[in-house]
Amino acid sequence: MIKEIYWASFQYEDWEIYIAATNHGLSYVGISIDELKTITAKRFKKYSLIEADEKLEAYKKELIDYLKGENKEFTMSLDIGGTEFQRSVWQALQGIPYGQTTTYSAIANQIKNPKAVRAVGTAIGANPILIIVPCHRVIGKDGKLTGFRSGIPMKVALLALEQ
């Protein structure tokens, strides 16, 4: 069976943002169509990418409202995929309050796997839904900004937005 993945892109300030969803919810937010294709291919054996601006309008509006500082919480449904471990990490990310940060080790402790700091970092790096699943709120234990799939400048901008 072929999985239908609907996608759209939009410009917000200097960013070209790509979003995608299945019939179950948002499945991707990022800044690259190639990355969308790579992540989709890893998750689904057979799929069809269908450009569908109208179908994704509600997701786009909620995301733009956040980027404008008009929305601090998301209500949209998600279809996130991932392994059980990844989902536990991504769920922990969703619990980080707006305007706050945490560390990789704090996430590892929260999911009751304190020795899995590196695995937590890997799971965070594999998060397919940037911004909505707020991996930008995770920083190094020394307070330094660490990797972010869409680049440190975007991470800096998102953290600044939330202050």
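Two strands count as paired when DSSP finds at least two bridges between them. With that in mind, look at strand E1, residues 3–12, in this predicted model. Five bridges join strand E1 to E4, and these two strands run parallel. One place to find this pairing is glutamate 4, which stands opposite serine 48 in E4.

Now step back to take in the whole sheet. Four strands make up an open sheet, and reading across it gives the order E3-E2-E1-E4, with mixed pairing. Which strands stand at the edges? They are strand E3 (25–30) and strand E4 (47–51). Each of these has a single partner strand, so one side of each is left without a neighbour in the sheet. On average, neighbouring strands of the sheet are turned by 25° against each other, if direction is ignored.

Next come the helices. Helix H1, formed by residues 33–43, packs on the sheet and touches E1, strand E2 (15–22), E3 and E4. If you follow the direction of helix H1, you will find that it makes about 150° with that of E4. Further along the chain, helix H2 covers residues 57–67. Helix H2 lies across E1, E2 and E3, and it runs at about 140° to E2.

Let us finish with one residue of helix H2, alanine 58. Is alanine 58 buried or exposed? Its relative accessible area is 58%, and a residue counts as exposed when that value is over 50%, so alanine 58 is exposed. You can also look from alanine 58 to methionine 76: they are 18 residues apart along the chain, and their C-alpha atoms are separated by 8.3 Å.

Terms used:
Residues numbered from 1 in each chain as written. Predicted model: local features only at pLDDT ≥ 70, side-chain atom pairs only at ≥ 80, totals over all residues. Heavy atoms only, no water. Axes fitted to C-alpha atoms, helices over the stretch in contact; angles between N-to-C directions. Contact = heavy atoms within 4.5 Å. Buried < 20%, exposed > 50% of the residue type's maximum accessible area, 1.4 Å probe, protein only.
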